[in-house]
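Here are my notes on this one, in the order I'd go through them with the structure open. Shout if anything looks off.

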Amino acid sequence: MQETFTRAGLECDRKALKPRILHIGFGAFARAHQMVYLQEGLNKTGGDWGVIAVRLNSGAEELSALDEANGLYTVAEIDAESVTAREIGVVIGTCHPKRDGIDTLLDHIAGDAMSVISLTITEKGYCCKNGHLDLQNKGIQADLENPEHPTTAIGVIVAGLARRRERGLGGLTVLSCDNQPDNGKLARAAVLHYAHERDRGLADWIDANVTFPSTMVDRVVPALDDYGRGLLLELNDGREDENGIVCEPFRQWVIEDDFAAGRPPYAEGGAMLTDDVRPYEMMKLRMLNGAHTFLAMLGSLSDLETVSDCMADPVFRKAARQIMLSEQAPTLPPIEGVSLEDYADALTHRFENPKLKHRTAQIAWDTSQKLPQRILHGVAINIDDARPWPLLALTVAGWIHFIREKQITGEKLTDPMAETLLDAARTLEGDALVDHILSEESIFDEELRREPAFRSAVTGAYRMIAEKGPRRMVEAIVSGDQ
Ligand code: CS2
């Protein structure tokens, strides 16, 4: 089939852009999601919503490359049928505290025009444990000791807001765009708790002046591979585009409409505004991300490299749909006008995208932070409703095998809890290992830890994977033999 090719250029006046949005965590996802919505919105309605792109840890070189490119980069949206190359020009400045100094960053937040701090800092960036700020977190402890030189996103936001307050400026919106349920509430809880530890008056000021809308974000944006790099070179007539990115054509953004200091033209760029993001968030976290984590664990254990490789295997394809429709969909509240069967069909089609190399190993990063919202919330509801959940059990058991495999091979386990998890796998095995990991309080809530049905299902699945092998186990479940 011949691909269709479209090029979407800039159609807004870049000279009108002011520093009104500061985006922390300007990685691949932000470039391909929030910035695209903003560009589309500005192309339609114009306006002055410019972005300061920030990274706190790695990525200073990419930001410098973006400066050199005058803030411009390309997003290539690809599937079997089409390629769309979008030019993005919403960024008007970049900041990295290690390159520019922390004061420059805090001054950006305390700028007159600044109205939104948006975040893609991943689950661990919130420094929370069981929905609350983790005061044992090393970064938080260091920031509280030295609040004018913060290194965590939470410390940076609060220090910047403190500076706004000192300067007599108004509040703004903190817009969380990470894959967590009630991500706005979580951001708010972390920011207020941290501020309270610093200064009660500051916490009250933030509470009265800053809003924290929740959002559901969706777009598959794999790490750039050689194919993607080649495509970007071709699209840019041989010029390197260090911030260019390749992703799927689909995108979705549902935003709680609660902006403190004006709203960027996100809705004009295609986002949906609502008073209640939760049902959309749960649907996406359990059906899309839950299936992803299943494929990441069982797919990796079965040597399937990418999500599309998994979907090309009839056993895994069937399992992905079964986890979505039989084990997750029944746990979800209905959404008017949304059919979960159609949603699963659309996800299946997206997962099959043959042009994207979305690696199962990449999705497996930080699984300890992902399990509750993607897998365990569904498990708890299924237990209450006496509905079977064999593939969810297999996912948790598969994760424990995955950790064990990393311990044995010495390959890196990318996870903020890696040390604790690898230690357990070094000293324990079999049921004892499962038992130990399932007792981890920051992952498994008390009810689940005390639930015998949970322990026995995961222990049983763990044994069966060891006995039959991961793929045969998945096969047994989808063919109804288990
Ligand atoms: C993936 C997500 O890496 C992962 O954990 O499940 O990044 C997923 O691709 C996005 O949430 C899709 O919107």
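1. Start with the contact between the two domains: 31 residues of domain 1 touch 26 residues of domain 2. Keep in mind throughout that this is a predicted model.

2. As for where the domains begin and end, the assignment puts domain 1 at 4–274 and domain 2 at 278–478. Their centres, taken over C-alpha atoms, are 29 Å apart.

3. UniProt has its own bounds, both from an unreviewed entry. The record lists "Mannitol dehydrogenase N-terminal" as a domain at residues 20–265, and "Mannitol dehydrogenase C-terminal" as a domain at residues 276–465.

4. Look at what those two UniProt spans are made of. Residues 20–265 come out at 39% helix and 22% strand, with the end C-alpha atoms 12 Å apart. For residues 276–465 the figures are 72% helix and 0% strand, and there the end C-alpha atoms are separated by 40 Å.

5. Now the ligand. Why does it lie between domain 1 (4–274) and domain 2 (278–478)? Because both domains give residues to the shell around it.

6. If you want a selection for your viewer, the surrounding residues are Asn179, Asp218, Arg219, Val220, Lys284, Asn289, His292, His358, Ile363, Lys370 and Arg374. By class, that shell holds five charged, four polar and two nonpolar residues.

7. Which polar side chains come up against ligand oxygen atoms? Asn179 is one of them, with a side-chain N or O atom 2.9 Å from a ligand oxygen. Asn289 has a side-chain N or O atom 3.0 Å from an oxygen of the ligand. For Arg374, a polar side-chain atom sits 2.9 Å from a ligand oxygen.

8. How much of the ligand does the protein cover? On its own the ligand has 340 Å² of accessible area, and the protein covers 88% of that.

9. Last, the elements behind the shell. Helix H11 (278–301) and helix H16 (367–384) are the ones that give two or more residues to it. H11 has the largest share, with three residues. When you set up your views, I'd show these two helices together with the shell side chains, Asn289 and Arg374 among them.

Conventions:
Residues numbered from 1 in each chain as written. Predicted model: local features only at pLDDT ≥ 70, side-chain atom pairs only at ≥ 80, totals over all residues. Heavy atoms only, no water. Near = heavy atom within 4 Å. Polar contact = N/O pair within 3.5 Å; in protein donor to acceptor, adjacent residues only side chain to side chain. Areas by Shrake-Rupley, 256 points an atom, 1.4 Å probe, with all protein chains shown as cover. Helix = DSSP H or I, 4+ residues; strand = E, 2+ residues; numbered from the N terminus. Nonpolar A, V, L, I, M, F, W, Y, C, P; charged D, E, K, R; others polar. Domains from an automatic or database assignment. UniProt positions renumbered as here; feature names shortened; annotations may be inferred. Contact = heavy atoms within 4.5 Å.
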